[in-house]
Amino acid sequence: MSQIAGLSLITSRITAEGVSLRFVAAPSCGYFDGHFPGEPVLPGIAQLDLALQAARQLIGPDVALGGLRGLRLRLPIHPDDEFEVSLVRTVASHIVRLEIRVAEGVATAGVLLLATPLVKS
Amino acid sequence: MSEATPPVQGLVPHRGAARFVERIVAWNADSIECVGQIPLENVCVKEGFAPALVGLELAAQAAAALEALSRRGSGQSWPPLVGYLVSVKEAAFSVSRLCAGVDLTARVARIGKASALATYEVRILHAGLECVFAILSTYAAQTRDSNRQKEP
């Protein structure tokens, strides 16, 4: 799991069905730098970056993101909000369902299409 | 296709390592082409590379620049609005990662708009090769700064 200053992993749970990682990002977290001055929110790409790291814990370190389907970002995630990144396997080995929850409910949800690069980079 | 191409810094609210878009190549009422880079100091960059999904941010910023230009052209209040990414209907990443600190091209075409919600077809290219394709939607909200500018 990549170490990012200001981002704390609170709990981690990995099962055969999926993975859940619970985080809190301090105002000093690099994900908030410049996004946006005076109105910090966790960028969508930061959420997906964390989802990809969760996928690597579930499936393996070489897994990459091949695509997305039906991603909806419904609620903003602010500094000091606790949020939980969960991936659940589906019947297709390369497809997982993503859900990111905050106290108010589901912040982000969608489907990740995972891939393993043909060439190690 | 081209109209006047103003500096991009005043068109998007992103700052520092969060701002990817650097210059506008061309734009018209419904589309824009920008060049930008993933800054080496961005937190998503590890050993000079970022996951390809980070290209979506460049695309979203290009879309934000298009909306700012469109508002300016129509005489509306055009200080940057915060454009929240609200959906990615679909995305395809033909590479696993993008190199930080090198020029990437964002081609964005608006394919739908309803009030503050707009949908775009976006492509990110490196050296002419498409790395990212997506259909995404953003919602534009007033920033506290843009609201303050309206105060007497």
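Strands β4(A) and β5(A) form a hairpin with 5 residues between them. Strands here are DSSP runs of E with at least two residues, and helices are runs of H or I with at least four, numbered from the N terminus. The model is predicted: local features need pLDDT of at least 70, side-chain atom pairs count only at pLDDT 80 or more, and totals for chains, interfaces and linings use all residues. Residues are numbered from 1 along each chain as its sequence is written, chains are lettered from A in the order in which they are written, and side-chain values use heavy atoms, without hydrogens and water.

β4(A) spans residues 82-89 and pairs with β5(A) in the antiparallel sense over 6 bridges; pairing requires at least two DSSP bridges. L87(A) has L98(A) of β5(A) as its bridge partner. A second hairpin joins β5(A) and β6(A), with 2 residues between them. These strands run antiparallel and share 8 bridges. R97(A) is bridged to V111(A) in β6(A).

Side chains alternate along β5(A), residues 95-102. V96(A), L98(A), I100(A) and V102(A) point to one face and are buried (under 20% relative accessible area, 1.4 Å probe, protein chains only). I95(A), R97(A), E99(A) and R101(A) point to the other face and are not buried.

The largest nonpolar core (buried Ala, Val, Leu, Ile, Met, Phe, Trp, Tyr and Cys joined through side-chain atoms within 4.5 Å) has 78 residues. L68(A), F83(A), L112(A) and I32(B) have the most contacts inside it. Helix α1 of chain B, residues 55-73, gives the most to this core, with 10 residues. Beyond its neighbours within four places in sequence, L112(A) is in contact (heavy atoms within 4.5 Å) with residues including L48(A), L68(A), L87(A), V96(A) and L98(A).

Technical notes:
Buried means under 20% relative accessible area, exposed over 50%, partly exposed in between (1.4 Å probe, protein chains only).
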